[in-house]
Amino acid sequence: MDKNLSQRQLDMKRSLLDQGYLDEQFIQLEELQDEDSPNFVEEMVTTFYNNSARLLENIEQALVTGPIDFAKLDNYMHQFKGSSSSIGATRVKNECTRFREHCTAANAEGCIRTFLRVKQEHTILRTKLETYFQLARQAGPSASGGGAKVR
Amino acid sequence: MGMAAEAQFHVLAVDDSHLDRKLIEMLLKTSSYHVTAVDSGTKALEFLGVHEDEQNQANTPSVFPNDHHQDVDVNLIITDYCMPGMTGYDLLRKIKESKSLKDIPVVIMSSDNIPSRINRCLEEGAEEFFLKPVQLSDVSKLRPHLLKGIAKESQPNIDNIKAMEESHSPDRTRTNYNGLEVA
């Protein structure tokens, strides 16, 4: 095992936690991962990104196709927020909360503005996690994460 | 582990979110439960041996089959609250209305912390209410309810019942003890 890479992985995780990209829930997922399910965390993240792509498309469509149905938007975002929360994606989750506040206030401009931030945080996190899982893979089987590729 | 040579408990998990199904399956498997996960209340009822078609037919006098045996052996049902079509609450009610299913403990999960919702579920007979994201510490609260099921069938296991009475739930869950809500 290359100790330097494993340390890089740990450092990156600490950094992601400190900067609020990830929270305790991500740690919980890593604790659930074991020899029987060595790729659990990466699978969860992959599932999140696969499912959220569709949700974000639906939200975007609902925003550009007037008149805006705030109840429908709120419902989509409720689902998206739930998923973000399940993988510990704090920043994404927080932007979702702000978006829903604008829905409640029927504030279209606020929704659009916040939606752009949701997408931004969503993309930023994906890049960081791809790097993180790559580091985990390089560190070998004793580190968290296994041999599965990030799709 | 508790009792020696116990068969695995079978938990039916219901959640429309693929991600959350994956998570709850992992949590339950880690806790040594056999899991079946479905994505709707309708599918849950089908799995439990209740056929939705029979429910919807106007000329069917009774909603549930006359033989009071489940098709499959399920020891606990854990369900999300917010689901399209049949909510977790609707599912809970149907289970409690069923002669064959009403004794199966039901646990509700929700990402929303709404006291009136929580109380409504507990009043309807849910054993626990978990806030999402569900964690291992929440899943550990399922055991007393599962053991209670065994106690009903055979001689009461005093130790386990005592353990259930002594366990307390922090703010993130609500436990139903004989109709009294314990915070």
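What pattern does chain A follow when read along the sequence? The answer is α-α-α-α-α-α, and the legends below walk through this predicted model one close-up at a time.

**View 1. Chain A is built from six helices and zero strands.** Welcome to the all-chain view of chain A, a good place to get your bearings. Of its 151 residues, 50% count as buried. Among contacts in chain A with a separation of 6 or more, 65% come from residues 24 or more positions apart. Chain A has an accessible surface of about 7700 Å², and carbon and sulfur atoms account for 47% of that area.

**View 2. Chain B brings together eight helices and seven strands.** Here the 183 residues of chain B come into the frame, with 48% of them counted as buried. If you take the contacts in chain B between residues at least 6 apart in sequence, 66% join residues at least 24 apart. The surface that chain B exposes is about 9300 Å², with 49% supplied by carbon and sulfur atoms.

**View 3. Helix α2 of chain A meets helix α1 of chain B.** The two helices span residues 24-32 of chain A and residues 18-30 of chain B. Their axes come within 11 Å and cross at roughly 50°, so α2(A) is oblique to α1(B). The crossing is left-handed. From α2(A), the contact draws on A:Gln25, A:Leu29 and A:Leu32, while α1(B) contributes B:Leu23, B:Met26, B:Leu27 and B:Thr30. Sorted by character, the residues of this contact are five nonpolar, two polar and no charged.

**View 4. B:Leu76 sits in strand β3 of chain B.** Is B:Leu76 buried or exposed? With a relative accessible area of 0%, B:Leu76 is buried, because the cut-off for that label is under 20%. Strand β3 covers residues 76-80. Look for B:Val11 too: this residue is 65 residues away from B:Leu76 along the chain, yet their C-alpha atoms are separated by 4.9 Å. Setting aside neighbours within four places in sequence, the contacts of B:Leu76 include B:His10, B:Val11 and B:Leu12. Also among them are B:Ile104, B:Pro105 and B:Val107, together with B:Leu142, B:His145 and B:Leu146.

**View 5. A:Thr123 belongs to helix α6 of chain A.** This helix runs over residues 108-139. A:Thr123 has a relative accessible area of 38% and is partly exposed. A handy landmark is A:Tyr49, 74 residues from A:Thr123 in sequence and 9.4 Å away in space, C-alpha to C-alpha.

**View 6. A:Ala106 has a positive phi without being a glycine.** Its phi is near 55°. You will find A:Ala106 in the loop between α5 (90-104) and α6 of chain A. Its relative accessible area of 46% makes A:Ala106 partly exposed.

**View 7. B:Ser32 also has a positive phi and is not a glycine.** Here phi is about 70°. B:Ser32 lies in the loop between α1 and β2 (34-38) of chain B, and at 28% relative accessibility this residue counts as partly exposed.

**View 8. A cis peptide bond joins B:Lys132 and B:Pro133.** Omega for this bond is about 0°, a value to look for when checking the backbone. Where is B:Pro133 in chain B? B:Pro133 is in the loop between β5 (128-131) and α6 (136-139).

Key. Residues numbered from 1 in each chain as written. Chains lettered and ligands numbered in written order. Predicted model: local features only at pLDDT ≥ 70, side-chain atom pairs only at ≥ 80, totals over all residues. Heavy atoms only, no water. Axes fitted to C-alpha atoms, helices over the stretch in contact; angles between N-to-C directions. Helix = DSSP H or I, 4+ residues; strand = E, 2+ residues; numbered from the N terminus. Parallel < 35°, antiparallel > 145°, perpendicular 65-115°, else oblique. Left-handed = near helix turned anticlockwise from the far one by under 90°. Contact = heavy atoms within 4.5 Å. Nonpolar A, V, L, I, M, F, W, Y, C, P; charged D, E, K, R; others polar. Buried < 20%, exposed > 50% of the residue type's maximum accessible area, 1.4 Å probe, protein only. Areas by Shrake-Rupley, 256 points an atom, 1.4 Å probe, with all protein chains shown as cover.
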